[in-house]
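Where does this protein leave space, and what fills it? Take a look at the model before reading on.

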Amino acid sequence: MTSNASRLEPRQTEDGSFSLFSHQVGEGFHSGRGALAEARQKFVAPAELERWSPGDTVRVLDVCFGTGCNTAALLEAAQQRGLRLEWWGLELDPEPLDLALSHGGFQQQWQPTSLAILEQLRLKGAASQPTESSWSDAALGHGTLLWGDARQRLSELQERQRGCLDLVLMDAFSPSRSPQLWSVEFLSGLGSLLAPRGRLLTYCSAAAVRQALRLAGLEIASIAASSGLRKQKHDWSGGTAASPSSLDGAALLRALSPMEEEHLQTNAAEPYRDPTHRGERSVILRERQKAQQQAMQAGLVEATSSWRRRWGLGKESDNHQ
Ligand SMILES: C[S@@+](CC[C@H](N)C(=O)[O-])C[C@H]1O[C@@H](n2cnc3c(N)ncnc32)[C@H](O)[C@@H]1O
């Protein structure tokens, strides 16, 4: 069934887990190979919760919370390790969570406490462990869902959480569909929230996003591509991790390969810019295209097509793979 208002259609992904397809955006919420597999492999695993000890608190922001899949997967992994989450979420549209929570497939996917937390977030925009004695074993300390355009709500987090967060899970639609959430300005804002050893994690390996993260002063690494989510030989990366500190030695992360470094010397690495934090998609895309043309004319960058040929790669895709 498709909702008329936002044209969101429930979909079952290949691992049997629940997802949505947005007809308005023209893109799915998750990898077609598995919403749950993606949450676990691209967000939970590279968070490396083993860095904390039982009883510790992990401070997390879920950007583009959507159905809550990434948060629920993290909550359940944190619970297994005896960790507590102090949690914030950013999301524009309440409908993905409404649809997910009313869907039998989504309900079966999660433990009752995880569903109860998502339901509290849906109803009140907040959830708190001490007020819910039935959650005594749940990993949530406190959660706050900030509804609205993430670009505007981010400043409130910056006032109170600058330099404090351990994890930022960045799961916007692909850069070409939603460039406003992959701009240098927005990614720099997210980066400013990270604690010195904090990590921003995203499924996205686009050169423009990696370049923007570097311009934000962050160290970047590639998330190891998992065979379960890899479709073809040129799915070279499982996404990107970024941190104010070096990511060397992290088990599920690796330095960018020579091929990936060269990708950042091509015109695909021209970042998206949104200096007003209110720019429209079409304007952000047009300005980037202009900057790309200027850089090419000045001979400053290689055409991405010739980089792809040199490395024997197929057509580029920047969405959930
Ligand atoms: C790829 S989906 C996120 C999937 C989500 N992490 C999940 O597990 O279901 C992208 C989400 O971004 C939200 N979104 C789009 N533009 C936004 C904006 N400007 N601010 C906040 N959220 C936005 C959409 O409503 C959608 O839920």
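What follows goes from the ligand to its pocket, and then to a cavity.

The model is predicted. Begin at the ligand. The ligand is surrounded by 19 residues. His 30, Cys 64, Thr 67, Glu 91 and Asp 171 are the closest of them. Sort this shell by class, and nine residues are nonpolar. Another six are polar, and four are charged.

Now turn to the backbone. Which residue places a backbone N or O atom 2.8 Å from a nitrogen atom of the ligand? Cys 64 does. Cys 64 is also among the closest residues of the shell. Ala 150 offers a polar backbone atom too, and a ligand nitrogen lies 2.8 Å from this atom. At Leu 92, the distance between a polar backbone atom and a nitrogen of the ligand is 3.1 Å. How much of the ligand does the protein cover? On its own, the ligand has 600 Å² of accessible area, and the protein covers 95% of this area.

Next, consider the space itself. The ligand takes up the largest pocket. This pocket holds about 640 Å³ of space. Its lining counts 33 residues. Nearest the pocket centre lie Val 25, Glu 91, Leu 92, Phe 173 and Ser 178. Two of these names have come up before: Glu 91 is among the closest residues to the ligand, and Leu 92 has the backbone atom 3.1 Å from a ligand nitrogen. By class, the pocket lining has 13 nonpolar and 13 polar residues. The remaining class, charged, has seven.

Which elements build this lining? α2, β5 (84-91) and α6 (150-161) each give at least two residues to the lining of the largest pocket.

Leave the pocket and look for enclosed space. Rolling a probe the size of a water molecule over the atoms shows where empty space is left. Across the whole structure, one cavity of 30 Å³ or more turns up. About 30 Å³ of space lies in this largest cavity. Its lining consists of Leu 75, Gln 79, Thr 113, Ser 114, Ile 117, Ala 138 and Ala 139. Two elements, α2 (69-80) and α5 (112-124), give two or more residues each. α5 contributes the most, with three. Four of the lining residues are nonpolar, three are polar and none is charged.

One helix links the two sites. α2 supplies residues to the lining of the largest pocket, and α2 also supplies residues to the lining of the largest cavity.

Methods:
Residues are numbered from 1 along each chain as its sequence is written. This is a predicted model: local features need pLDDT of at least 70, side-chain atom pairs count only at pLDDT 80 or more; totals for chains, interfaces and linings use all residues. Side-chain values use heavy atoms; hydrogens and water are left out. On a 1 Å grid over the protein atoms alone, a cavity is a set of points where a 1.4 Å probe fits but cannot get out, and a pocket is an open set with protein on both sides within 12 Å along at least five of seven lines; lining residues have an atom within 4 Å of a point. Grid points are joined across faces, edges and corners, and a volume is the space filled by probe spheres set on the points. Helices (H or I, at least four residues) and strands (E, at least two) are DSSP runs, numbered from the N terminus. Ala, Val, Leu, Ile, Met, Phe, Trp, Tyr, Cys and Pro count as nonpolar, Asp, Glu, Lys and Arg as charged, and the others, Gly among them, as polar. A residue is near a molecule or strand if one of its heavy atoms lies within 4 Å of it. A polar contact is a pair of N or O atoms within 3.5 Å; within protein, one must be able to donate a hydrogen and the other to accept it, and residues adjacent in sequence count only if both atoms are side-chain atoms. Accessible areas come from the Shrake-Rupley method with a 1.4 Å probe; for residues, only the protein chains shown count as cover. A molecule sits in a cavity or pocket if more than half of its atoms lie within 2 Å of its grid points.
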